[in-house]
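Dear colleague,

I am handing over the structure below, and after it you will find an account of what turned up when I went through it. Please read the notes with the structure open beside you.

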Amino acid sequence: MAGEKKIDLFTVINGCIMVLLMAAFILPFWIILTASLSDNARVQANGISLWFQGFTFEGYKFLFGMSDIFIRSLGISLLTSFAAAAFSVIVCTAAAYALSKKYLVGRKFFNVFLMITMFFSGGTIPLYLVIRGIGIYDTIWALILPGVASTYSILLLRNYFYGIPAALEEAAYLDGASDLKLLIYIFVPLSTPMMFTIGIMTFVGKWNEWLPSLLYLGATNRSLWTAQYVLRQMLRDMQTLYGSASTGSVSNAPLITAKNAGIVIIVLPLIVMSPVLHKYFASGLVAGSVKG
């Protein structure tokens with residue numbers, strides 16, 4: 001009939017594949033969510049399920065009620081992630097601006113030097129020795145500073161700066177603007193999507209890290225443990241972690257649902273942020289991926 005749109009085979013197959021992929025991504029988190037809101041005894045007896053087994057918040061109540069370790073670790077993770085994202089945007093923007101200037105002395109050397117670090121790194125032990133050497137071991141700075149100056153982010157921003165019209169710079173120089181004013185008043189406003197992209201990547205990377213808490217903090221310094229490291233300890237031996245920090249017995253506690261509740265709480269911020277910041281992330285990657 002006239003006016004009807006013809007649906008080809010590719011569209012149908014593509015739609016089916018997208019639905020299957022969506023189910024594959026959503027289903028594991030849904031199972032964890034239902035387990036966190038189910039009765040611990042029923043989950044322990046019946047195993048995981050696609051639906052709630054006695055809807056209850058006992059896992060969340062136990063998680064927040066046993067000790068302040070988990071609540072404090074969430075604050076540490078938020079603080080370190082936001083601080084690292086802010087520092088990364090500042091450092092990478094400044095470095096990218098300098099590298100985008102053809103009159104920079106040694107510009108080719110610095111570009112090649114940065115490219116080498118993308119393929120070769122010192123590794124964990126040299127980084128540990130550096131952190132020890134500069135005196136930030138067992139401090140919150142050991143969780144913030146490593147990885148702030150990302151080579152990938154610097155090159156991404158540098159390529160974006162290449163595409164900014166030279167006429168804007170020339171007009172600013174004629175008006176007496178210095179490089180600092182040029183960066184703040186022209187380059188920064190024009191590169192907001194790119195800066196959001198770098199901030200998002202750094203935030204997500206830091207939020208998902210647990211190894212720095214193990215390597216760069218003292219064994220007894222629980223006050224700076226991140227939520228991811230606490231979650232790892234929970235998944236390994238939650239009874240030891242929370243039993244040592246509380247006065248009550250946890251022998252009959254809802255450990256299974258509490259572990260799943262911890263996973264939900266840690267993953268939830270990323271799920272909430274993704275739709276809000278996706279447009280900046282996508283546009284930033286596309287804009288900085290090619291040289292202007």
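**Thr34 and its contacts**

Leaving aside its neighbours within four places in sequence, Thr34 is in contact with Ser49, Leu50, Trp51 and Phe52. Please bear in mind that this is a predicted model, and that what follows describes the model as it stands. Thr34 belongs to helix H1, which covers residues 9-36, and because its relative accessibility is 1%, under the 20% limit, Thr34 counts as buried.

**The chain as a whole**

The protein chain has 14 helices and zero strands, so that, read from the N terminus on, its elements run α-α-α-α-α-α-α-α-α-α-α-α-α-α. Of its 292 residues, 38% count as buried. When one takes the contacts between residues at least 6 apart in sequence, 71% of them join residues at least 24 apart.

**The largest pocket**

The largest pocket has a volume of about 630 Å³, and its lining is made up of 28 residues, of which Leu127, Pro146, Gly147, Glu209 and Tyr216 lie nearest the centre of the pocket. Two or more residues of this lining come from each of helix H6 (124-133), helix H7 (141-144), helix H8 (151-162), helix H11 (192-207) and helix H12 (211-215). By residue class, the lining of the largest pocket divides into 17 nonpolar, nine polar and two charged residues.

**The cavity**

Besides the pocket, the structure holds one cavity of 30 Å³ or more, and the space in the largest cavity comes to about 70 Å³. Its lining consists of Ser77, Thr80, Ser81, Leu143, Lys206, Glu209, Trp210, Pro212, Ser213, Thr226 and Gln228. The elements that give two or more residues to this lining are helix H4 (69-99) and H12, and of the elements H4 gives the most, with three residues. The lining of the largest cavity divides into three nonpolar, six polar and two charged residues. You may wish to look at Glu209 in particular, since Glu209 is named among the residues that lie nearest the centre of the largest pocket and is also part of the lining of the largest cavity.

**Two helix pairs involving H11**

The angle between their axes and the distance between the axes are what describe two packed helices, and both values are given here for each pair. The axes of H8 and H11 come within 10 Å and cross at roughly 170°, and because this angle is over 145 degrees, H8 is roughly antiparallel to H11. In this contact Tyr152, Ser153, Leu156, Leu157 and Tyr160 of H8 meet Met194, Ile198 and Met201 of H11, and the residues involved divide into seven nonpolar, one polar and no charged.

The other pair is helix H10, residues 179-190, with H11, and these two pack at an angle of about 70°, with their axes 5 Å apart. As this angle falls in the range of 65 to 115 degrees, H10 and H11 are roughly perpendicular to each other. Here Val188, Pro189 and Leu190 in H10 meet Thr192, Pro193 and Met195 in H11, and the residues of the contact divide into five nonpolar, one polar and no charged.

**Other single residues**

Arg107 lies in helix H5, which covers residues 107-119, and at 17% relative accessibility Arg107 counts as buried, because the limit is under 20%. Apart from its neighbours within four places in sequence, Arg107 is in contact with Leu99, Ser100, Lys101, Lys102 and Tyr162.

Ser100 also comes up in connection with Gly163: the two residues are 63 residues apart along the chain, and their C-alpha atoms are separated by 9.9 Å. Gly163 is found in the loop between H8 and helix H9 (166-174), and its relative accessibility of 43% is why Gly163 counts as partly exposed.

Finally, Asn260 lies in helix H14, residues 255-288, and with a relative accessibility of 14% Asn260 counts as buried. Once its neighbours within four places in sequence are set aside, Asn260 is in contact with Ile32, Ala35 and Ser36.

With best regards

Terms used: Residues numbered from 1 in each chain as written. Predicted model: local features only at pLDDT ≥ 70, side-chain atom pairs only at ≥ 80, totals over all residues. Heavy atoms only, no water. Helix = DSSP H or I, 4+ residues; strand = E, 2+ residues; numbered from the N terminus. Buried < 20%, exposed > 50% of the residue type's maximum accessible area, 1.4 Å probe, protein only. Contact = heavy atoms within 4.5 Å. 1 Å grid on protein atoms, 1.4 Å probe; cavity = no way out; pocket = protein on both sides within 12 Å on 5 of 7 lines; lining within 4 Å. Points joined across faces, edges and corners; volume = space filled by probe spheres on them. Nonpolar A, V, L, I, M, F, W, Y, C, P; charged D, E, K, R; others polar. Axes fitted to C-alpha atoms, helices over the stretch in contact; angles between N-to-C directions. Parallel < 35°, antiparallel > 145°, perpendicular 65-115°, else oblique.
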